Amino acid sequence: MLRFKWNNINLIVGTLLFIVFILIQVFSNKKLNFSPIIEDLTPGSDYAYTIALDSEDFYVAGSCDSCGSLGSLAWQIEKRRKSDGQLDPNFGNSGRIISDPTSSDDEAYSITIDSSYMYIAGVQAGQSSDYAWRIEKRDKITGAYDPHFGLGGYVVSDPTSNNDLARSIFIDNYYVYIGGHQNGSDILGESDRLWRIEKRDKITGAYDPHFGLGGYIIENPSTGDDFIYSIITDSSYIYVVGYQVVLDKPGNFAWRIEKRKITNGQ
Ligand SMILES: [Ca+2]
Ligand SMILES: [Ca+2]
Ligand SMILES: [Ca+2]
């Protein structure tokens with residue numbers, strides 16, 4: 001009799017523990033997820049292109065239409081909590097930053113972070129309606145420009161008077177690596193586009209003079225449009241992927257994958 005009761009108590013306690021375990025699972029799943037965030041801040045077209053994570057937050061960058069002071073597309077950067085997706089009120093203007101360097105189309109395409117800063121690459125319009133590379137470095141807590149980097153927090157790289165576009169950014173402990181394309185017309189008398197890779201000092205934004213042609217590499221695998229889409233490094237090498245035209249046949253594109261020495265780009 002006593003043994004039977006003891007078994008009953010075990011059964012009841014076990015069942016209760018199981019129910020508590022299920023409730024904890026349900027509660028934590030609910031807490032760690034959020035419904036899709038649909039953000040339609042302007043009547044025009046707004047694009048989110050890139051995301052980075054740290055332990056507590058995530059960072060999204062892209063563009064929004066006529067949302068800045070100068071007009072047309074502008075960069076938009078947000079910082080949100082991973083737990084519930086809410087904007088971080090300490091970052092920028094209640095969780096958002098609008099960077100609108102020109103009255104034409106400016107867009108952020110790639111973001112990466114370290115323990116203190118965010119690094120963002122994209123385009124801004126140039127002097128004569130063309131595009132130039134733009135790289136921004138900002139404080140991860142407040143979103144403010146890092147004044148030691150480039151022209152007070154940003155670098156503009158405009159290798160040609162035609163459309164040049166930075167697509168991907170990656171960092172290590174000392175350098176920033178950016179991949180994209182530049183127009184070929186100013187260099188080879190062509191109307192095509194070329195791969196371009198830049199390596200810059202993480203503190204100042206200056207070119208690393210030991211890399212390629214004094215901080216950058218240009219490469220033209222075809223007389224058509226050749227584009228870099230992503231760049232990444234390990235301790236010794238840079239890996240770059242994108243596409244190129246095959247045998248100079250317009251419309252016949254192929255994957256292109258490169259591995260280069262991180263020191264000099266060879
Ligand atoms: Ca603009
Ligand atoms: Ca340009
Ligand atoms: Ca080309």
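I120 touches A61, I77, A108, S110, I111, E136 and I169, leaving out residues up to four places away in sequence. Touching here means contact, that is, C-beta atoms, placed from the backbone, within 7 Å of each other. The model is a predicted one, in which local features need pLDDT of at least 70 and side-chain atom pairs count only at pLDDT 80 or more, while totals for chains, interfaces and linings use all residues. Residues are numbered from 1 along each chain as its sequence is written, and chains are lettered from A and ligands numbered from 1 in the order in which they are written.

I120 is also one of the residues with the most contacts inside the largest nonpolar core, together with A121, I135, A166, I169 and I178. That core has 37 residues. A nonpolar core is a set of buried Ala, Val, Leu, Ile, Met, Phe, Trp, Tyr and Cys residues joined through C-beta atoms within 7 Å. A residue is buried if 20 or more other C-beta atoms lie within 10 Å of its own, exposed if 12 or fewer, and partly exposed in between, with C-beta atoms placed from the backbone. Strand 6 (residues 117-125) gives the most to this core, with six residues.

For the chain as a whole, the count is two helices and 15 strands. Both are DSSP runs numbered from the N terminus: helices are H or I over at least four residues, and strands are E over at least two. Of the 266 residues in the protein chain, 35% are buried. Among contacts between residues at least 6 apart in sequence, 48% join residues at least 24 apart.

Strand 6 belongs to an open, antiparallel sheet of four strands in the order 5-6-7-8. Strand 5 (107-113) and strand 8 (154-157) are at its edges, each with a single partner strand, so one side of each has no neighbour in the sheet. The twist from one strand to the next averages 15 degrees; axes are lines fitted to C-alpha atoms, for helices over the stretch in contact, and angles run from 0 to 180 degrees between N-to-C directions. Two strands count as paired if DSSP finds at least two bridges between them. Strands of a sheet pair through backbone hydrogen bonds, either parallel or antiparallel.

Within this sheet, strand 5 and strand 6 form a hairpin with three residues between them. Their antiparallel pairing runs over six bridges, and the bridge partner of S110 in strand 6 is A121. Although strand 5 is an edge strand, five of its seven residues are buried, so strand 5 is largely enclosed by the rest of the structure. At the other end of the order, four bridges join strand 7 (residues 131-139) to strand 8 in the antiparallel sense. There I135 has V155 of strand 8 as its bridge partner.

Strand 11 (residues 193-201) is also largely enclosed by the rest of the structure, because eight of its nine residues are buried. Strand 11 is joined to strand 10 (residues 175-183) by nine antiparallel bridges, and to strand 12 (residues 216-219) by four, again antiparallel. W195 has a place in both pairings: H181 stands opposite W195 in strand 11, and E219 is the bridge partner of W195 in strand 12.

Further along the chain, three strands form an open antiparallel sheet in the order 13-14-15. Its edge strands, strand 13 (227-233) and strand 15 (253-261), each pair on one side only. The twist here averages 20 degrees from one strand to the next. Nine bridges join strand 14 (residues 237-245) to strand 15, where A254 stands opposite Q244.

Some residues in the earlier part of the chain deserve a look. Y47 lies in strand 1 (residues 47-53) and counts as partly exposed because it has 14 C-beta neighbours inside 10 Å. Apart from neighbours within four places in sequence, Y47 is in contact with G62 and S63. S66 is in the loop between strand 2 (57-65) and strand 3 (73-81). S66 has a positive phi of about 55 degrees although it is not a glycine, and is partly exposed, with 13 other C-beta atoms within 10 Å. S94, in the loop between strand 3 and strand 4 (96-99), likewise has a positive phi of about 55 degrees without being a glycine. S94 is exposed, with 9 other C-beta atoms within 10 Å.

Notes. Two residues are in contact if their C-beta atoms, placed from the backbone, lie within 7 Å.
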